[in-house]
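Colleague: I would like to learn how to read a model like this one, feature by feature. Can we go through it together?

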Amino acid sequence: MSVTIKSEHEIELMREAGRILAVVHDEMAKIIRPGISTMDINRKGEEVIRSFGCIPSFLNYNGYPAAICVSVNDEVVHGIPDKKRILQEGDIVSLDAGVIYKGYQSDSARTHAVGEISEEDQRLIDITKQSFFEGIKFAKAGNHLFEISKAIQNFVEDNGYSVVRDLVGHGIGTQLHEEPQVPNFKPIGRGMKLRPGMTLAIEPMVNAGAFEVWVLEDDWTVVTRDSMKSAHYENTVLITDGEPELLSYNVDLI
Ligand code: MF3
Ligand code: CO
C-alpha cells in the first residue's frame, strides 16, 4: 500500500480518535504509582478505550496479547502487561496505546516516572519528548521526510543519548502501520516529499546508553542490549501547508 492522503472527513475522524487517545493516556497516567502492576495499567487503558466505543488497535495485532504496551526501564517498547510485574519507586514506564474510532486509527506513547525518579532518568524522559518536538518543526508540506528524522537524531545525540534504529515511526490511517516508515535517524537520501493530508505516527525511542536493542524470549519485549534505560514519546501528526496538527496531543492533558 502506498502513502494515503486523507480527506477532510477522514481527518475529522482521526481528530476524534486522537482526542479520545489523549484521554486514555491521561487516565492511565493518573493511576501510576509504586505497587500497581503493568496489567493494572493495561486494564485501565482498555476500559477507557472501550468506554468511548473504540477498539484497542494493538490487541491481537500480529498476535500481540494486550491493549496497551507497557515497557519498564530498559524495556524500549512492546512490553507485555503482566499482573506479576509490579512498578517500583524510581522506575520509568512507557505506555504505548492505539485506538480505532469509526475505522480510523490514532497511536501515541508517553513515558512516566513511577514515584520519585533520578534527575538523570527525568532528563531522559524530557529529552525524548523534546526530540519529538524538534522533529515536527520540519513536519510541513514541501519538506522531505528525513528532515524530521535528522532533527530528532541530532537533538538526541547532541544531548548524549542514542536513537533506536531497529524500530521506526509510520504512516497511519485506516491501518495502524501505513507507508511511509518514519525513522528517528537519518538514512541516506532525503525521503519522500511531505504533502498536506499525510498522517504520520512520529515516535522517537531514546536510549540512555547505546542504540542496540534485542527482543526477549516472549518475542515482543524490546530491551536495550546494555540494560540502560529507554524512553518513548509518540503522537499522530497531520501534515498541513503550515504548522503540523498534533492529533493525539491535548495541551491540557499529558
Ligand atoms: N505504537 C506501536 C507501533 O507503532 C505499537 C504497536 S505494536 C503492537 O508500532 F503490536 F502492540 F500493536
Ligand atoms: Co506507532
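Colleague: In which strand is Pro180 found?

Modeller: This is a predicted model, and in it Pro180 belongs to strand S8, residues 178-182. The peptide bond leading into Pro180 from Glu179 is cis, with omega near 0 degrees.

Colleague: What is the sign of phi at Asn73, positive or negative?

Modeller: Positive: phi of Asn73 is near 55 degrees, and the residue is not a glycine. Asn73 sits in the loop between strand S2 (68-72) and strand S3 (75-77).

Colleague: Turning to the metal, which residues are the protein donors of the cobalt ion (ligand 2)?

Modeller: As general background, ideal angles are 109.5 degrees for four tetrahedral donors and 90 or 180 degrees for six octahedral ones. Here the protein donors are Asp107 through OD, His170 through NE2, and Glu203 and Glu234 through OE, at 2.1 to 2.3 Å from the cobalt ion. Along the sequence these donor residues follow the spacing D-x62-H-x32-E-x30-E.

Colleague: Why does the pair Asp107 and Glu203 tie together parts that are 96 residues apart in sequence?

Modeller: Because Asp107 lies in strand S5 (residues 104-113), whereas Glu203 lies in the loop between strand S9 (199-202) and strand S10 (205-207).

Colleague: How many residues surround ligand 1?

Modeller: There are 13, the closest being Asp96, Asp107, His170, His177 and Glu203. By class, this shell has six nonpolar, three polar and four charged residues.

Colleague: Which atoms of ligand 1 lie 2.6 Å, 2.9 Å and 2.7 Å from polar side-chain atoms of Asp96, Asp107 and His170?

Modeller: For Asp96, the partner at 2.6 Å is a nitrogen atom of ligand 1. For Asp107 the partner is an oxygen atom of the ligand, 2.9 Å away, and for His170 an oxygen atom at 2.7 Å. The protein covers 95% of the 330 Å² of accessible area that ligand 1 has on its own.

Colleague: Which pocket does ligand 1 take up?

Modeller: The space taken by ligand 1 is the largest pocket.

Definitions and conventions:
Residues numbered from 1 in each chain as written. Chains lettered and ligands numbered in written order. Predicted model: local features only at pLDDT ≥ 70, side-chain atom pairs only at ≥ 80, totals over all residues. Heavy atoms only, no water. Near = heavy atom within 4 Å. Polar contact = N/O pair within 3.5 Å; in protein donor to acceptor, adjacent residues only side chain to side chain. Areas by Shrake-Rupley, 256 points an atom, 1.4 Å probe, with all protein chains shown as cover. 1 Å grid on protein atoms, 1.4 Å probe; cavity = no way out; pocket = protein on both sides within 12 Å on 5 of 7 lines; lining within 4 Å. Sits in = over half its atoms within 2 Å of the grid points. Nonpolar A, V, L, I, M, F, W, Y, C, P; charged D, E, K, R; others polar. Donors = N, O, S within 2.8 Å, 3.2 Å for Na, K, Ca; no water. Helix = DSSP H or I, 4+ residues; strand = E, 2+ residues; numbered from the N terminus.
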